[in-house]
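The following exercises ask the reader to work from overall composition to individual residues. Each task is followed by a solution in steps.

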Amino acid sequence: MSRVFLVVMDSVGIGGARDADRFFNQDRPDTGANTVAHIVQACAEGRANEGRDGPVRLPTLESLGIGAAVRASSEDVLPGFDAHVTGFWAVAHEASMGKDTPSGHWELAGLPVPWDWHYFPDARPAFDKPLVDQITEIGGVDGILGNCHAPGTQIIQELGALHMQTGFPICYTSADSVFQVAAHEDTFGLSRLYAFCETIAPMLHEMKVGRVIARPFKGDAKVGFTRTTNRKDYAITPPEPILTNWVQDAGRHVYAIGKIGDIFSMQGIDEVHKGDDKALMTHLNRLAEEAVDGSLTFANFVEFDSLYGHRRDISGYARALEWFDGEIAKLLPKMREGDLLILTADHGNDPSWSGTDHTRECVPVLCYGVGQGSAGHIAFADVAATVAHHLNIPSQGPGRSFL
């Protein structure tokens, strides 16, 4: 029986979203944002040489069709990207009115978001007093710090010492539908942070806030503060069956790598494997050898987004893409006959753009194991339908298989 490996390169967008003018970073619409193209251009022009040098080199992704997908989605130039394409590729357009993790992943899994998310205003305070009062009462704390829009790495440097003194959790948000809670693993406690987030999550989910995110960190005022890999997302449970449910309900096994289990509230998932991106790649390689016939392995590699996109670090993003490209080259020979590998993304996060938030973009869909060709422009939900078709199980969403 065939297996499918569905791998999300978090935020690796390719521009061209038809409704980008409806989404903003600060006061600038996302029109023209293109994560991959702008990284390639910056590298070719010598503007991304920190920790690396020269044009970006992605031979494996090129051969699978990432250059062709970028050219099909936009008019952006990709200097040096002229390799022969041996894979099967497409350009996916998102229907959900969000450029965030749940919107992209739910739709890739066959469920366009059926409501409008709740977003907190970019103001101080971002959370009004009645909400803060509920959070402190339900969560069992005497107060909170932050209460604003902020980059996570920045706010722990600003408030980490005060947090350790007061014991108040640092609560903040972004342009996404999120309520994030940062707390020190040692002085506040990791289990206490998880319990706090789990306790307040149902109330925030009722408001249609997509995720409550626990953001643990370590360090002190002298050496600085650093986020750990023990992040945990408490997401709204999808209101209808999604791809992982379809696979599990058909009696098949579902492996989740990275934050997939959190994103889908463990719906339809049998096993979870976590860690930083290097550890996740180790899990992916192991499952390429060990995953049972007929299974789905669903992975998310988050560091493109979390470490480089939000921080507007072009060099870092380019380094991450080059590392990933080399790792995928090692993975491909481990695919068995009949296996399907799909590399895609959930949104964009152009590191050359203004602001620090995601960018509304199309995403590449790069396939290995089904020969050479292109499906052209497709819907996000078509990815789920294609996985179901390849696994020979019923598809319950609005998408159609592109193979």
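**Exercise 1. Charge**

Task: State how many positive and negative side chains the protein has, and how far apart the centres of the two sets lie.

Solution. In this predicted model, the protein carries 33 positive and 52 negative side chains. The centres of these two sets lie 3 Å apart.

**Exercise 2. Overall form**

Task: Decide how the radius of gyration of the protein relates to the globule rule.

Solution. Step one is the inventory of secondary structure: 13 helices and 16 strands. Step two is the comparison: the radius of gyration is 21 Å, close to the 22 Å that the globule rule gives for 403 residues, so the protein is as compact as a globular protein of that length. Step three adds the extent, since the C-alpha atoms fill a box of roughly 60 × 50 × 35 Å along the principal axes.

**Exercise 3. Interior and surface**

Task: Describe burial, contacts and the exposed area of the protein.

Solution. Of the 403 residues, 60% are buried. Among contacts with a separation of 6 or more, 70% are between residues 24 or more positions apart. The exposed area is about 15300 Å², of which carbon and sulfur atoms supply 49%.

**Exercise 4. Helix 4**

Task: Determine from its residues why helix 4 is described as largely enclosed.

Solution. Helix 4 spans residues 101-108. The criterion for a buried residue is under 20% relative accessible area. Thr101, Pro102, Ser103, Gly104, His105, Trp106, Glu107 and Leu108 are buried. With 8 of the 8 residues buried, helix 4 is therefore largely enclosed by the rest of the structure. Just after helix 4, Gly110 adopts a positive phi of about 95 degrees.

**Exercise 5. Aromatic rings**

Task: Classify the pair formed by Trp115 and Trp117, and give the accessibility of each residue.

Solution. The protein has 12 aromatic pairs. In the pair of Trp115 and Trp117, the centres are 5.8 Å apart and the planes make an angle of 85 degrees. Planes over 60 degrees apart count as edge-to-face, and this pair is edge-to-face. Trp115 is partly exposed at 23% relative accessibility, whereas Trp117 is buried at 7%. Elsewhere, Phe301, Phe304, Tyr317 and Phe324 form one aromatic cluster.

**Exercise 6. His389**

Task: Place His389 in its helix and identify its contacts.

Solution. His389 belongs to helix 13, residues 380-391. Leaving aside residues up to four places away in sequence, His389 touches Ser401 and Leu403. Gln372 is 17 residues from His389 in sequence, and their C-alpha atoms are 18 Å apart.

Note on methods. Residues numbered from 1 in each chain as written. Predicted model: local features only at pLDDT ≥ 70, side-chain atom pairs only at ≥ 80, totals over all residues. Heavy atoms only, no water. Helix = DSSP H or I, 4+ residues; strand = E, 2+ residues; numbered from the N terminus. Rg over C-alpha atoms; globule rule 2.2 N^0.38 Å. Buried < 20%, exposed > 50% of the residue type's maximum accessible area, 1.4 Å probe, protein only. Contact = heavy atoms within 4.5 Å. Areas by Shrake-Rupley, 256 points an atom, 1.4 Å probe, with all protein chains shown as cover. Lys, Arg positive; Asp, Glu negative; His and termini not counted. Charge placed at Lys NZ, Arg CZ, Asp CG, Glu CD. Phe/Tyr/Trp six-rings, centres within 6.5 Å; stacked < 30°, edge-to-face > 60°.
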